[in-house]
Amino acid sequence: MTAATLEPAPTPATSREHTRALVRRYAAPVLMLLGALAVLLGLFGAAQPPGEVSSAFLLATGSDFVQLPPLSLPTVASGIAAGIVLLAITAVATVFAIRGSRRPRGLAVGYVLVAVVALLIWAVADKELSIPALLAGSLAFAVPLVYGSLAGVLSERSGVVNIAIEGQLLSGAFCAAVIGTLTGNLFVALIAAGIAGAAVSIVLAVFAVRYLVDQVIVGVVLNVFVIGLTTFLHSNVLTPATNSPPRFERIAIPGLSQIPLVGPMLFNQTVVVYLMYLVLAIVTIALFRTRWGLRVRAVGEHPQAADTVGINVARTRLLSVLLGGVVAGLGGAYFTIGSVGAFSPEMTAGNGFIALAALIFGRWHPLYAAAAALLFGFTRNLQSLLGIIGSPIPSQFLLMLPYVVTIIAVAGFAGRVRGPAADGVPYVKS
């Protein structure tokens with residue numbers, strides 16, 4: 001009797017699991033192939049721009065140290081070249097899938113970058129687009145998303161699901177506008193915004209940690225409550241005398257703000273944006289380089305084990321959620337004293353939920369979540385600029401673009417990402 005005859009016959013469950021494994025292995029190469037064919041046959045095939053046209057990109061502003069000349073590309077030839085590069089990346093991904101080995105992360109990043117370049121080349125046919133304006137606007141849209149995603153990281157790393165980011169942003173925007181108007185001091189208004197976000201987070205923390213209420217339900221209720229309260233106060237209490245705050249002016253950092261392309265984007269910003277850089281660095285270092293951060297991550301992964309070594313699980317979660325609320329409140333201030341000025345009802349416009357998507361897409365890591373927020377900010381600004389220059393893309397699709405990218409990012413690329421093991425799980429001390 002041979003060894004082969006001793007092997008058990010495959011069961012239906014084993015067969016289904018094998019099928020799922022094959023689908024997971026080849027899903028990405030198939031999607032990459034469809035995307036490459038859409039670029040070659042769609043954008044630069046059936047829908048290619050008529051005639052010999054070019055796509056122009058402005059690479060410098062008037063204040064840059066080095067005045068880079070505009071970049072003009074032949075639209076069809078450049079688009080076809082980008083499509084061929086996409087096919088080559090797809091072939092490499094297919095080889096990794098056949099071998100069953102893990103694909104390098106840079107492969108997907110490179111594919112997305114080339115696909116974005118192809119889309120820009122096609123959309124800017126016979127027009128011109130300012131790349132510094134595209135990048136600077138992307139950061140402007142991403143600022144509240146970065147703050148919101150950092151608030152989610154602090155909360156969920158400790159094991160508390162934070163659906164209330166939208167309410168925290170909105171309360172911060174409201175209080176910053178009102179306090180900024182009454183005091184005329186922007187820094188006092190910024191502090192008030194952080195306190196407002198913390199007030200919302202305290203309610204979430206108490207109900208979720210102390211009374212073990214379902215965290216998702218509490219977050220949804222808080223969002224609805226803050227939206228209703230701020231709308232009521234705006235309609236019945238606020239007047240132009242109490243809703244006309246000053247705004248932070250841009251501060252250009254000498255030398256750095258004149259760097260081509262990235263200088264105007266990163267170093268010609270307001271105090272709220274510079275504070276975002278600092279908060280991002282502090283949260284990253286605190287979570288991964290300090291004893292406190294180790295305790296927070298331990299509580300989020302295995303609260304019972306953390307409790308056995310003397311870590312107060314409830315106190316750690318309460319503090320983490322509170323700090324997350326402060327960060328989200330600061331992000332809410334960007335909507336008023338950082339950009340628009342006066343408060344208007346529901347002006348956060350779902351940014352809290354997109355920040356939650358950035359948190360998931362960024363694998364609950366501050367830096368990755370910030371990068372995901374920049375991606376979503378890029379799509380929102382791209383939608384605006386393409387509409388301004390008269391892109392051939394229908395306006396309805398442009399309005400859909402940020403949300404479609406959010407859905408694809410979370411459902412397609414982050415669908416199998418695992419968050420903290422105890423995220424959303426109440427802990428009862430035994």
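Of the 430 residues in this protein chain, 46% count as buried, where buried means under 20% relative accessible area, exposed means over 50%, and partly exposed is in between, with a 1.4 Å probe and protein chains only. I should say straight away that this is a predicted model, in which local features need pLDDT of at least 70 and side-chain atom pairs count only at pLDDT 80 or more, while totals for chains, interfaces and linings use all residues. Residues are numbered from 1 along each chain as its sequence is written, and side-chain values use heavy atoms, with hydrogens and water left out.

The protein chain has 16 helices and 5 strands; these are DSSP runs numbered from the N terminus, helices being H or I with at least four residues and strands being E with at least two. Taking contact to mean heavy atoms within 4.5 Å, residues 24 or more positions apart account for 76% of the contacts in the protein chain that have a separation of 6 or more.

Let me turn to the interior. A nonpolar core here is a set of buried Ala, Val, Leu, Ile, Met, Phe, Trp, Tyr and Cys residues joined through side-chain atoms within 4.5 Å. The largest one has 75 residues, and those with the most contacts inside it are Phe 57, Leu 134, Tyr 147 and Ile 337. Helix H5, residues 131-156, supplies the largest share of this core, 10 residues. Apart from it lies another core, of 20 residues, among them Val 160, Val 200, Val 226 and Met 347.

Now, how does H5 pass H14, in a left-handed or a right-handed crossing? The crossing is right-handed, which by definition means that the near helix is turned clockwise from the far one by less than a right angle, whereas anticlockwise would be left-handed. The axes of H5 and helix H14, residues 351-361, come within 8 Å and cross at roughly 60°; such axes are lines fitted to C-alpha atoms, for helices over the stretch in contact, with angles running from 0 to 180 degrees between N-to-C directions. The two helices, H5 and H14, are therefore oblique to each other, since angles under 35 degrees count as roughly parallel, over 145 as roughly antiparallel, 65 to 115 as roughly perpendicular and the rest as oblique. Among the residues making the contact are Phe 141, Pro 144 and Gly 148 of H5, together with Ile 354, Ala 355 and Leu 359 of H14.

Following the chain out of H14, we come to Trp 364, in the loop between H14 and helix H15, residues 366-389. Trp 364 has a positive phi of about 60° although it is not a glycine, and it is buried, with a relative accessible area of 8%.

My last stop is Ser 55, which lies in strand E1, residues 54-58, and which counts as buried because its relative accessibility is 0%. Its side chain makes a polar contact with the side chain of Thr 75 at 2.9 Å, a polar contact being a pair of N or O atoms within 3.5 Å, where within protein one must be able to donate a hydrogen and the other to accept it, and residues adjacent in sequence count only if both atoms are side-chain atoms. The backbone oxygen of Ile 121 also lies 2.6 Å from a polar atom of the Ser 55 side chain. Thr 75 and Ile 121 are likewise among the residues touched by Phe 44, a residue of helix H2, residues 12-46, that is buried, with a relative accessible area of 4%.

Definitions and conventions: Lists of a residue's contacts leave out its neighbours within four places in sequence.
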